Structure formats: C-alpha cells, structure tokens
Amino acid sequence: MAKNYEYKKATIADIDELVRTRIIVLRTANKLSNDVDMSLVEKESYEYYKNALETGEHIAYLVYDNETFIGAGGVSFYRVMPTYHNPTGKKAYIMNMYTAPAYRRQGIAFHTLDLLVKVIRKQGVSQITLEATEMGRPLYEKYGFVKMEDEMELIK
C-alpha cells in the first residue's frame, strides 16, 4: 500500500455511510443510472444494517484517507443445513466491496478482503462465497477464490 489508510470496523453510527455505499455498489454492478429509483432498496438496506450490525450477522469495514471515505467491504453470516463438507452449516457471503475510483489499484480492496476473511475464519466459518463483477474478479482470483460450477439460480 502506498499510504497508511484507516480501516475502521463499522458500527451502527456508520449506517448512513454503509447504506450510501450499498447504493453506489448496486448502481455500479447493475449499470444503473442515477435516475433509477432505489428508495425501497435504500430503506430496506437501512433496516438490514440496523438489525444485522446489532446481531453480528453482518460485519463491515470502512476505509478512510484522513477524513475522506474511500472504500468499504462487508460480510453477511448465515446458516444452512449441515453437510459433509460443512458440518456446522455456517456460511459467509462477502459483499459491498468498493473502492473510490481515484484510489483503485493500490491494494485497498485486497486489504479489506483480507480483514474480512480473517474475521470469518476467526468465527469458525469455512465456506465463503461472493459475487464478482468483471472488474473485481482478478482481485478475488488473486486472493484464492475460484469460480463455482455447481450452483444454479431460479431467475423467473
């Protein structure tokens, strides 16, 4: 890293920043213009963060250059039925990875991802997934994530 940025674990006091970032990430990932109404997603994201930060179901990091917000990343924890390969049924889903355009390619997202994976491992979770945009895929592959072959999604 070229600079010493601050990586701050988000608290309920950071909920507005988390929601704002969530909307930026969703607009970017889905190629949505600023005139697409995201008010319902914004409202539901606020409720999600309010509950999940309190229960520990979601952990997020915010990245700052002095007082300027420059990045974020989060993880949601959930549980499914135990399986042979995952006897606890615990899973983690990394989401909301973001770095401000002027700060990209400096290792910020990699460091944020590493912080999240360490938190996940500390909680005893071995199954970690995420959705990757074209821009993010090289970062995740560099970290060791591999493309999944066996999952399917019902889209209609």
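1. Two rings of Phe, Tyr or Trp are counted as a pair when their centres lie within 6.5 Å, and planes over 60 degrees apart make the pair edge-to-face, those under 30 degrees stacked, and the rest tilted. On that basis the structure, which is a predicted model, holds seven aromatic pairs.

2. One of these seven pairs joins phenylalanine 110 to tyrosine 143, with 5.2 Å between the ring centres and 55° between the planes, a tilted arrangement. Phenylalanine 110 belongs to helix H3 (residues 108-122) and tyrosine 143 to helix H4 (residues 137-143), so the contact ties together parts that are 33 residues apart in sequence. Phenylalanine 110 is partly exposed, at 29% relative accessibility. Tyrosine 143 is likewise partly exposed, with a relative accessible area of 25%.

3. Tyrosine 140 and phenylalanine 145 form an edge-to-face pair, at 6.1 Å centre to centre and 75° between the planes. Both tyrosine 140 and phenylalanine 145 are buried. Through ring pairs, Phe110, Tyr140, Tyr143 and Phe145 are linked into a cluster.

4. A charged group also meets this cluster: the charged end of lysine 142 sits over the ring of phenylalanine 110, at 5.1 Å from the ring centre.

5. The largest pocket encloses about 1,100 Å³ of space. It is lined by 33 residues, and those closest to its centre are Met97, Thr133, Met135, Gly136 and Tyr140. Tyr140 is thus a point of contact between two topics of this note, being a member of the aromatic cluster and one of the residues closest to the centre of the largest pocket.

6. Four elements each supply at least two residues to the lining of the largest pocket: helix H1 (15-29), strand E4 (90-99), H3 and H4. The most comes from E4, with seven residues. By class, this lining has 18 nonpolar, eight polar and seven charged residues.

7. The second largest pocket has a volume of about 750 Å³. Its lining comprises 22 residues, with Thr129, Leu130, Glu131, Val146 and Met148 nearest the centre. Two or more lining residues come from each of E4, H3, strand E5 (127-130) and H4.

8. H4 gives the most to the lining of the second largest pocket, with four residues, whereas E4 gives the most to that of the largest pocket. The lining of the second largest pocket divides into 12 nonpolar, two polar and eight charged residues.

Key: Residues are numbered from 1 along each chain as its sequence is written. This is a predicted model: local features need pLDDT of at least 70, side-chain atom pairs count only at pLDDT 80 or more; totals for chains, interfaces and linings use all residues. Side-chain values use heavy atoms; hydrogens and water are left out. Rings of Phe, Tyr and Trp (its six-membered ring) pair if their centres lie within 6.5 Å; planes under 30 degrees apart count as stacked, over 60 as edge-to-face and the rest as tilted. Buried means under 20% relative accessible area, exposed over 50%, partly exposed in between (1.4 Å probe, protein chains only). A charge sits over a ring if NZ of Lys or CZ of Arg is within 6 Å of the ring centre and within 35 degrees of the ring normal. On a 1 Å grid over the protein atoms alone, a cavity is a set of points where a 1.4 Å probe fits but cannot get out, and a pocket is an open set with protein on both sides within 12 Å along at least five of seven lines; lining residues have an atom within 4 Å of a point. Grid points are joined across faces, edges and corners, and a volume is the space filled by probe spheres set on the points. Ala, Val, Leu, Ile, Met, Phe, Trp, Tyr, Cys and Pro count as nonpolar, Asp, Glu, Lys and Arg as charged, and the others, Gly among them, as polar.
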